[in-house]
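The report that follows reads one protein structure from its parts to its overall form, with attention to surface, pairing and charge. Please keep the coordinates at hand while reading.

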Amino acid sequence: RVYSLEARTGRWRWQYEREAPDGFTIHGHAGTRLRDGVLYTGFSDGYLVAMQAANGEVLWARSLAAASEQFVDVDSTPTFYKDLLIASSYSGGLYGMAAKSGDVRWRINVEGAGSVSQIGERLYFAAPRDGLAALTPQGQILWRQGLADAGELTTPIGTGPYLLFSGSRAGLFVVRR
């Protein structure tokens with residue numbers, strides 16, 4: 001669910017929700033991202049939704065589930081590179097989309113990709129089986145670093161020339177971007 005409250009009083013303004021799928025879902029949830037009066041977020045049914053922040057009106061909703069019926073969750077917080085909206089579905093992969101329409105510009109088939117960090121002209125993400133990866137805003141993989149034994153990986157954070165992230169079984173990683 002997404003709730004909109006008046007900042008000064010906490011008064012309810014609007015809410016939006018989607019029906020959770022039957023069966024199992026991945027533990028986690030997407031954060032919201034606000035840009036130019038539009039709120040973007042993902043849901044456990046595999047949909048990424050863009051809505052007017054002022055009134056909750058849905059501008060578009062796009063399934064990122066690909067062909068999968070299991071673990072379709074969009075648990076990544078969307079990010080932007082100029083007019084490109086980037087988000088991922090656990091089983092559907094990583095998507096680059098037109099922010100205004102939700103039209104898919106590119107897709108990378110990777111299971112479990114988390115939220116993407118945009119640093120300069122590069123995008124970075126981590127996934128349990130594929131490890132850490134850097135890509136261009138056009139969806140071209142520049143490099144990958146396998147980390148199969150690291151466990152679940154956090155979103156890479158940039159600091160100076162480095163990326164910091166951790167693995168549930170391996171601790172902290174510091175990697176030169």
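## Leu5 and the nonpolar patch

Leu5 belongs to strand S1, which covers residues 2-5, in what is a predicted model. The residue counts as partly exposed because its relative accessible area is 49%, a value that lies between the 20% limit for buried and the 50% limit for exposed residues. Together with Tyr3 and Trp12, Leu5 makes a nonpolar surface patch of about 340 Å².

## Overall form

The secondary structure of the protein chain consists of 17 strands and 0 helices. For 177 residues, a compact globule would be expected to have a radius of gyration near 16 Å, and the protein chain, with 16 Å, agrees with that expectation. The C-alpha trace spans about 45 × 40 × 30 Å along its principal axes.

Of the 177 residues in the protein chain, 44% are buried, while the accessible surface comes to about 9500 Å², with 48% of it belonging to carbon and sulfur atoms. When contacts between residues at least 6 apart in sequence are considered, 36% of them join residues at least 24 apart.

## Strand S9 and its partners

Strand S9, residues 93-98, is mostly covered, since 6 of its 6 residues are buried. How many bridges join S8 to S9? Strand S8, residues 84-89, runs antiparallel to S9 and is joined to it by 6 bridges, and within this pairing Leu85 stands opposite Met97 in S9. The connection between S8 and S9 is a hairpin of 3 residues.

S9 also pairs with S10, again in the antiparallel sense, over 4 bridges, and here Leu94 is placed opposite Ile108 in S10. The hairpin of S9 and S10 has 5 residues between the strands, and in it Gly102 adopts a positive phi near 80 degrees. In a regular strand the side chains alternate between the two faces of the sheet.

## Salt bridges

Side chains of opposite charge can pair when their charged atoms come close. The count of salt bridges in this model comes to 7, and three of them are described here, starting with the pair of Glu17 and Arg1, whose side chains meet at 3.0 Å, N to O. This pair links distant parts of the chain, 16 residues apart, with Glu17 in the loop between strand S2 (12-16) and strand S3 (33-35) and Arg1 in the segment before S1. Glu17 counts as partly exposed at 39% relative accessibility, whereas Arg1, with a relative accessible area of 61%, is exposed.

A second salt bridge is formed by Asp45 and Arg18, whose closest N and O atoms are 2.6 Å apart. Asp45 lies in the loop between strand S4 (38-42) and strand S5 (47-52), and Arg18 in the loop between S2 and S3, so the pair ties together parts that are 27 residues apart in sequence. Is Asp45 buried or exposed? At 17% relative accessibility Asp45 counts as buried, because the cut-off for that class is under 20%, while Arg18 is partly exposed, with a relative accessible area of 26%.

The third salt bridge described here joins Glu111 to Arg129, with the closest N and O atoms 3.1 Å apart. Since Glu111 lies in the loop between strand S10 (104-108) and strand S11 (117-119), and Arg129 in the loop between strand S12 (122-127) and strand S13 (131-135), the pair ties together parts that are 18 residues apart in sequence. Glu111 counts as partly exposed at 33% relative accessibility, and Arg129 counts as exposed at 63%.

## The surroundings of Ala127

Ala127 lies in strand S12 and is buried, with a relative accessible area of 0%. Which residues is Ala127 in contact with, once its neighbours within four places in sequence are left aside? They are Val110, Glu111, Gly112, Ala113 and Leu153; one of these, Glu111, is also the salt-bridge partner of Arg129.

Ala127 can also be placed relative to Leu59, from which it is 68 residues apart in sequence and 30 Å apart in space, taken from C-alpha to C-alpha.

Terms used:
Residues numbered from 1 in each chain as written. Predicted model: local features only at pLDDT ≥ 70, side-chain atom pairs only at ≥ 80, totals over all residues. Heavy atoms only, no water. Patch = residues over 30% accessible without salt bridge, like charges linked within 9 Å, V, L, I, M, F, W, Y side chains within 5 Å. Areas by Shrake-Rupley, 256 points an atom, 1.4 Å probe, with all protein chains shown as cover. Salt bridge = Lys/Arg side-chain N within 4 Å of Asp/Glu carboxyl O. Helix = DSSP H or I, 4+ residues; strand = E, 2+ residues; numbered from the N terminus. Buried < 20%, exposed > 50% of the residue type's maximum accessible area, 1.4 Å probe, protein only. Rg over C-alpha atoms; globule rule 2.2 N^0.38 Å. Contact = heavy atoms within 4.5 Å. Pairing = 2+ DSSP bridges.
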